[in-house]
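Please open the model in a viewer and keep the selection panel at hand. The tour below proceeds from the whole chain to individual residues.

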Amino acid sequence: MTINDAHCHFFSPQFFNTLARQRPASPEPDAAAICRELKWDDPGTADALADRWVAELDAHGVSRAAIIASVPADEASVAEAVAHHPTRLVGFFMVDPSAPDAADRVRHAIDELQLRGICLFPAMHHVPVTDDRVTRIVEIAASRPGVAVFVHCGVLSVGVRAKLGLPSRFDMRLGNPLEVLKPALAFPAVPFIIPHFGAGLLREALMAADTARNIHLDTSSSNGWIRYTPGLTLDAVFKAALAVAGPSRLLFGTDSSFFPRGWQKGVYDTQRGIVDAAGVSAADAALIFGGNFERLFPAAG
């Protein structure tokens, strides 16, 4: 069965440099110093990191992966990686809708850099997904074929920021999956992706997906948000998502990010075991773990 990972973070040199600049008191405000402090591998160049990702995918039998530029204004790093491995990597990028050049950056990322996923973090950037600034960004996606809009909802925690003692002033009131309905219904041809089953707002994510058939759910991470609902299990989450969204709107993902940890095979093993135990047919499992990704992001010719 083809495995495609719809959710990996591309922690580029620019990503670490951005974090370093947010620590003005750091004696060595650069990517290498941050990596040493975290005990993570220095990513090197974007091309080198892309090569390492592809080697990691090969080692685990993963065909393709979406890689996310995980700070605003880092779309060039992901674009370089995708250009280096166009048949293996699909480029997503984070955009801050409050930035004055947000719409121009989105156009450039899609038209010139050939990226295919716009990532919105309403709680992080304090811009509701119903805001006119977001609407202008979704309009750009709607005018270009093959572009998806990823909206992080629910609980938001960025582990690397906590490790470095950086503040995370997130307004999680802005991360309700029901808010995604407004743009999803207004632009029915645009695929919307809500990661982590709504990250603690499962009911709302299911309601949104049941109302707008262009809303997809990604399964990524260990889904630790489950602890906020006593008695809930990941098995039950999958069964509910399958019952509401169906297998054609679930996208397998791991939320893998840094090295040397690399691709999180344990996430795949757990989710594959749940899907198999639930009696999901081979054809439907193939959609979840690879086919839906191929439909949304066909491989480069």
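In this predicted model, contacts between residues at least 6 apart in sequence are a useful starting point: 76% of them join residues at least 24 apart. Buried residues account for 54% of the 301 residues.

**The whole protein**

Display the chain as a cartoon, in which 13 helices and 8 strands can be located. The radius of gyration is 18 Å, close to the 19 Å that the globule rule gives for 301 residues, so the protein is as compact as a globular protein of that length. The C-alpha trace spans about 55 × 45 × 45 Å along the principal axes.

**The sheet**

Select the strands next. Strands of a sheet pair through backbone hydrogen bonds, either parallel or antiparallel. Here 8 strands form an open sheet with parallel pairing, in the order E1-E2-E3-E4-E5-E6-E7-E8. Its edge strands are E1 (4–10) and E8, each of which pairs on one side only.

Now colour strand E5, residues 148–151. Which of its residues point one way, and which the other? Ala 148 and Phe 150 share one direction, while Val 149 and Val 151 take the other, and all are buried. Strand E5 runs parallel to E4, to which it is joined by 4 bridges; Val 149 of E5 is the bridge partner of Ile 118. E5 also pairs with strand E6 (residues 192–194), in the parallel sense and over 2 bridges. There, Phe 150 has Ile 193 in E6 as its bridge partner.

Move along to strand E7 (residues 215–218), which pairs with E8 in the parallel sense over 2 bridges. Select Asp 218 together with Leu 251, its bridge partner in E8.

**The largest pocket**

Switch to a surface view and look for the largest pocket, which holds about 1000 Å³ of space. To find its centre, select Leu 156, Ser 157, Val 158, Gly 159 and Asp 255, which lie nearest to that centre among the 44 lining residues. E1, helix H1 (13–21), H6 and helix H8 (159–163) each supply at least two residues of the lining. Which element gives the most to this lining? Helix H8 does, with 4 residues. Colouring the lining by class gives 19 nonpolar, 19 polar and 6 charged residues.

**The second largest pocket and Gln 114**

Turn next to the second largest pocket, with a volume of about 270 Å³. Its lining comprises 17 residues, and those nearest its centre are Val 82, Gln 114, Leu 115, Arg 116 and Ala 300. Helix H4 (75–84) and strand E3 (89–94) each contribute at least two residues to the lining. By class, the lining has 12 nonpolar, 3 polar and 2 charged residues.

Keep Gln 114 selected and show its backbone. Although Gln 114 is not a glycine, it has a positive phi of about 65°. This residue sits in the loop between helix H5 (102–111) and strand E4 (117–120).

**His 126**

Proceed to His 126, in the loop between helix H6 (122–125) and helix H7 (132–142). Its phi is near 60°, a positive value in a residue other than glycine. Is His 126 buried, partly exposed or exposed? With a relative accessible area of 42%, it is partly exposed.

**The cavities**

Rolling a probe the size of a water molecule over the atoms shows where empty space is left. A search of the whole structure finds 2 cavities of 30 Å³ or more. The second largest has a volume of about 30 Å³. To locate it, select its lining: Pro 97, Leu 120, Phe 121, Pro 122, His 125, Val 127, Val 129 and Val 134. These residues divide into 7 nonpolar, 1 polar and no charged.

The largest cavity contains about 60 Å³ of space. Its lining includes Phe 11, Phe 16, Asp 41, Asp 42, Arg 52 and Phe 259. The full lining divides into 6 nonpolar, 1 polar and 3 charged residues.

**The last stop**

From Phe 259, one of the residues lining the largest cavity, follow the chain to Pro 260. The peptide bond joining Phe 259 to Pro 260 is cis, with omega near 20°. Pro 260 lies in the loop between strand E8 (250–251) and helix H12 (265–277).

Technical notes: Residues numbered from 1 in each chain as written. Predicted model: local features only at pLDDT ≥ 70, side-chain atom pairs only at ≥ 80, totals over all residues. Heavy atoms only, no water. Buried < 20%, exposed > 50% of the residue type's maximum accessible area, 1.4 Å probe, protein only. Pairing = 2+ DSSP bridges. 1 Å grid on protein atoms, 1.4 Å probe; cavity = no way out; pocket = protein on both sides within 12 Å on 5 of 7 lines; lining within 4 Å. Points joined across faces, edges and corners; volume = space filled by probe spheres on them. Nonpolar A, V, L, I, M, F, W, Y, C, P; charged D, E, K, R; others polar. Rg over C-alpha atoms; globule rule 2.2 N^0.38 Å. Contact = heavy atoms within 4.5 Å.
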